[in-house]
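Dear colleague,

Please find below the structure that I am handing over to you. My findings follow it, beginning with the ligand and moving on to the rest of the protein.

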Amino acid sequence: MNILVCVKQVPDTTMIKIDPVTNTLIRDGVPSVVNPFDGYALEAAARIKDQAPDTKIVVVSMGPEQAKNALKECLAIAADKAYLVSGQTFGGSDTLATSYILSRAIRKIEEVEGRFDAIFCGKQAIDGDTAQVGPEIAEWLSCPQVTYGLSAEAVEDGLEVVKEGDDGNQIIGIDFPCVVTFTKPSWDPRYPTIKRKMAANRAEIPTLGEDAFPDIDTSRIGLKGSPTKVKKTFVPQRKKGGVLIQEESAAEAAQKLTILLGEAHII
Ligand SMILES: Cc1cc2nc3c(=O)[nH]c(=O)nc-3n(C[C@H](O)[C@H](O)[C@H](O)COP(=O)(O)OP(=O)(O)OC[C@H]3O[C@@H](n4cnc5c(N)ncnc54)[C@H](O)[C@@H]3O)c2cc1C
């Protein structure tokens, strides 16, 4: 089986700076990590590989040169190959442009790695938080998709995905090729081994720049090709105050809450 995992490098802390002119995130110089939900997607792929060791896991990230560190982390954990998608004209892309470029990159990488049976993404990136890129990739590639995956198991010609739902989990069968986005499961992803870490540090990660996509529709990429217009960004003022309810039991806490809401004429 051939699995591609989309990985975004995100700021490690709350040190997110915003360019006041373009209203976009400034990522250069900010400590970064692999988006945690992408770690769950990678772990889901690794678990499939545990069952079928001939499975190949390829990771791809679109971002600046420093995103190679995130890719190396994925190589150290479970990935076999990594590709960076990076170019001046890709900067300023919103989710639609990002997913368009990634879908073109996926087709390009397939020329080397072979057709991907499944494309795994995180449910959302913890900085952008839109949860749009995975489903958009599925649309660009005309693939079926399952979102909010907790785990996936390879079955004949497809996957069985355990999907988190509001009223419990569902098991959904999906045919290859498909896109699955993953949310936080009850288990933790595996850690890298020293041996894999050393190999990852030595790994050459190819960069796909603009020249790799001579046929790309330039009206769909970058800031100019992005239909999202950020009108204003601001940090919301937090109101001080609040009441902490710390009763012995849930029933007592609910009773206290009811009294307080009644006193405030809310109920
Ligand atoms: C007008 C505008 C301009 C922007 N300019 C820039 C800019 O210059 N530079 C910049 O970095 N961002 C920029 N952004 C933010 C950028 O559009 C988003 O970070 C990006 O599209 C992903 O959206 P998200 O973070 O909401 O991801 P989600 O949709 O929440 O991510 C879901 C999943 O998709 C995959 N994924 C998402 N992004 C990537 C990626 N880059 N590579 C691989 N996999 C990915 C991951 O698996 C992730 O878990 C801009 C946004 C807007 C609206």
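A polar contact, as the term is used here, is a pair of N or O atoms within 3.5 Å. Please bear in mind throughout that this is a predicted model.

By that criterion, a polar backbone atom of C6 makes contact with an oxygen atom of the ligand, at 2.8 Å. The side chain of T130 also takes part, with a polar atom 2.6 Å from a ligand oxygen. At D129 it is a backbone N or O atom that lies 3.5 Å from an oxygen atom of the ligand. The protein buries 88% of the 940 Å² that the ligand exposes when taken alone. Two or more residues of the surrounding shell come from each of β6 (56-62), α3 (95-113) and β8 (118-122).

The shell around the ligand holds 31 residues, of which K8, D38, G92, S93 and T130 come nearest. By character, the shell residues comprise 10 nonpolar, 14 polar and seven charged.

One of those nearest residues, S93, merits a separate paragraph. Its position is in the loop between β7 (81-85) and α3. Is S93 buried or exposed? S93 counts as buried, because its relative accessibility is 18% and the cut-off for burial is under 20%. A polar atom of the S93 side chain lies 2.5 Å from the backbone oxygen of F90. A polar side-chain atom of S93 also lies 3.0 Å from the backbone nitrogen of G222.

Turning to the protein as a whole, the model contains six helices and 13 strands. Its C-alpha atoms fill a box of roughly 65 × 50 × 40 Å along the principal axes. Of the 267 residues, 39% are buried.

The largest nonpolar core has 36 residues, and those touching the most other members are V5, L42, V59, F120, L159, V180 and F182. Helix α1 (residues 36-51) supplies the largest share of this core, namely eight residues. Another core, of 27 residues, lies apart from it and includes V58, Y83, I106 and A138.

Helix α6 (residues 250-263) has 14 residues. From its first C-alpha to its last, α6 reaches 20 Å, close to the 20 Å expected at 1.5 Å a residue. After α6 comes H265, which has a positive phi, near 60°.

Some further backbone features deserve your attention when you inspect the model. Most residues other than glycine have a negative phi, and most peptide bonds are trans. Against that background, the following sites may be noted.

- Y148, in strand β9 (residues 145-155), has a positive phi near 60°. Y148 counts as partly exposed because its relative accessibility is 34%, which falls between the cut-offs of 20% and 50%.
- D157, in the loop between β9 and β10 (158-163), likewise has a positive phi, of about 60°, although it is not a glycine. D157 is exposed because its relative accessible area is 55%, and the cut-off for exposed is over 50%.
- The peptide bond from F176 to P177 is cis, with omega near -10°. P177 lies in the loop between β11 (170-175) and β12 (178-182).

With kind regards

Methods:
Residues numbered from 1 in each chain as written. Predicted model: local features only at pLDDT ≥ 70, side-chain atom pairs only at ≥ 80, totals over all residues. Heavy atoms only, no water. Near = heavy atom within 4 Å. Polar contact = N/O pair within 3.5 Å; in protein donor to acceptor, adjacent residues only side chain to side chain. Areas by Shrake-Rupley, 256 points an atom, 1.4 Å probe, with all protein chains shown as cover. Helix = DSSP H or I, 4+ residues; strand = E, 2+ residues; numbered from the N terminus. Nonpolar A, V, L, I, M, F, W, Y, C, P; charged D, E, K, R; others polar. Expected span 1.5 Å × (residues − 1). Core = buried A, V, L, I, M, F, W, Y, C linked by side-chain atoms within 4.5 Å. Buried < 20%, exposed > 50% of the residue type's maximum accessible area, 1.4 Å probe, protein only.
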